[in-house]
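Grab your favourite viewer and a pencil. Here are a few exercises, each with its solution worked through step by step.

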Amino acid sequence: MEKVLMCMSGGVDSSTAASILVNKGYDVIGINLKLLEDVEDEGVKSCCSLKDVEDARHSAFKLNIPFYVLNMKKQFEDKVINQFIQSYKSGITPNPCIECNRHIKFDEVFYKADQLGIKYVATGHYAKIEKDNETGKYLLKKPADKNKDQTYFLYMLNQKQLERLIFPLCDHIKTDVRKIAKKSNFNNYNKADSQDLCFIQDRNYHEFIREKTGEEEQGDIVDINDNLLGRHKGFSKYTVGQRKGLNISVGYPLYVLEKNMDKNQLIVGNKKERLRKKFTVKNMNYIFVDDSPKEFISKVKIRYSKKEESAVVRRIEENKVEVEFFERQMDITPGQSAVFYIDDNVIGGGIIDKVYL
C-alpha cells in the first residue's frame, strides 16, 4: 500500500478526504499543523483551535489511522504572519492563506514527507489534478463542485508537487462530503467552514499590526486631482475598495482607490473611479508550461470572491505579465493574487503589482 501524509485541520473536508483515501486502500498517516498558540474560542471559525485538533484526532481515531501534531509555529510566524505585517505596512493587501499554502501546507509538509520517506501528500482542497498524456505534464483543474473551487489558492504549485499531491475531494460536492462524514461517524460532519484569518480572530488587522509593530505614520487623504480631503491613520487600516472608516463627507460615497507610498497619501474616489482595466502581475508561476506565449487570452480571477473575467495577457519580462481586461473591473488590488484560467485549467498566477488608471 502507498503511504500518504494527510493534512487534517479538524474540518469536515480534510476528515472526509482521509476517509476516501482509507477506503481506496492507501496507508494514511494523519497530521495536524500547529501554527499558533492554542486558540480556545470555539465560536471562532478558524482552523487552529484546540477543538479543531481534537476533531482531527477524533476522525483519525474513527478511521484507525496514526495521527500526529506537527509544530509549525516558527515557520508560520516567519513566512506568513511577518510577511502579512510587512505587506500591509508597505501599502499592499496580501493574501496570507495563499502564502500559508505555499510555504507551510506544501513546502514544509513535502519536506516532512521526504524526511519520512513518504511519496504522497493529500489535503482537503477542492481541486483536481490530471496528467496530460501528450506532454507528460500535470494539470491543475477546477473540481466537480465549482461552488467550492479552491484552485485560486493553489496556483503556486509546481510539477514536482503536483506529481505527488492527491486531492480526494476532486469529484465530490460539499453536500456529499458531509454525508460521507456523517456516515463515518465524524463529530465534525456538520461543522461550519473556516472563514476568518486564523491569527486575527476579530478581523481587526490594524490593531493586530499596531500591537506587533507600534503606531504607524499618519498622512493625507486626497482625491485623484490631489485635493486634500482629510487624514489617514496608517496604511494598514485601509484596503482598496474600502468605504467605511474614511470619515470624510463630500455628498457621495468615497472609496479607497490606491496608496501612494512615496507621498504617504491615501487616494480616494467615487464608485466610477474604482474601475480599472490594466495592471501588471509579478512572480508568475506557470503550472504546465515553461513560459507563457508573448500574448494570450485568458479568464483572470483577481480575488477569490470575484468571478473570472476575460483579459489579454502580455508577457513583459520572464516572470512578469501585463493584464488588460476586456471590461473595466472594480478594486484591482496590489498584493492580491491574479490567477489565469483557460476553461477548467489553471494556467498559473502571480502577485498583482502595478495598477494603471
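The exercises below go through a helix, a helix pair, a sheet and some salt bridges.

This is a predicted model, so to speak of ground rules: local features need pLDDT of at least 70, side-chain atom pairs count only at pLDDT 80 or more, and totals for chains, interfaces and linings use all residues. Residues are numbered from 1 along each chain as its sequence is written, and side-chain values use heavy atoms, with hydrogens and water left out.

**Exercise 1. Work out how long helix H1 is and how many of its residues are buried.**

Step 1: Find the helix. Helices (H or I, at least four residues) and strands (E, at least two) are DSSP runs, numbered from the N terminus. H1 covers residues 12-23, twelve residues.

Step 2: Check its span. From first C-alpha to last, H1 reaches 16 Å, close to the expected 16 Å; the expected span is 1.5 Å times one less than the number of residues.

Step 3: Look at burial (buried is under 20% relative accessible area, exposed over 50%, partly exposed in between, with a 1.4 Å probe and protein chains only). Ten of the twelve residues of H1 are buried, so the helix is largely enclosed by the rest of the structure. Among them are Val12, Asp13, Ile20 and Leu21.

Step 4: Find the neighbours. The buried residues of H1 pack against strands E1 (3-7), E2 (27-34), E4 (120-122) and E7, plus helices H2 (50-63) and H6, where contact means heavy atoms within 4.5 Å. Just after H1, Gly25 has a positive phi of about 95°.

**Exercise 2. Decide how helices H3 and H7 are oriented to each other.**

Step 1: Take the axes, which are lines fitted to C-alpha atoms, for helices over the stretch in contact, with angles from 0 to 180 degrees between N-to-C directions. Those of H3 (residues 73-89) and H7 (residues 205-213) come within 10 Å and cross at roughly 105°.

Step 2: Classify the angle: under 35 degrees is roughly parallel, over 145 roughly antiparallel, 65 to 115 roughly perpendicular and the rest oblique. H3 and H7 are therefore roughly perpendicular.

Step 3: List who meets whom. Residues including Ile81, Phe84 and Tyr88 in H3 meet residues including Tyr205, Phe208 and Ile209 in H7.

**Exercise 3. Trace the open sheet of four strands and name its edges.**

Step 1: Strands pair if DSSP finds at least two bridges between them. The order is E9-E8-E11-E10, with mixed pairing.

Step 2: E9 (228-232) and E10 (255-260) each pair on one side only, which makes them the edge strands. Neighbouring strands are turned by 30° against each other on average, direction ignored.

Step 3: Zoom in on one pair. E10 and E11 (residues 265-269) run antiparallel, joined by five bridges, and Val256 stands opposite Val268 in E11.

**Exercise 4. Sort out three salt bridges and a network.**

Step 1: A salt bridge is a side-chain nitrogen of Lys or Arg within 4 Å of a carboxyl oxygen of Asp or Glu. The whole structure has 24.

Step 2: Lys128 and Asp171 meet at 3.0 Å, N to O. They sit 43 residues apart, Lys128 in strand E5 and Asp171 in the loop between E7 and H6. Lys128 is buried at 18% relative accessibility.

Step 3: Glu308 and Lys142 meet at 2.8 Å, 166 residues apart. Lys142 is buried at 12%.

Step 4: Arg314 and Glu324 have their closest N and O atoms 3.1 Å apart. Arg314 is partly exposed at 25%, and Glu324 is partly exposed at 23%.

Step 5: Asp13, Lys148, Lys174, Arg178 and Asp193 are linked in a network of salt bridges.
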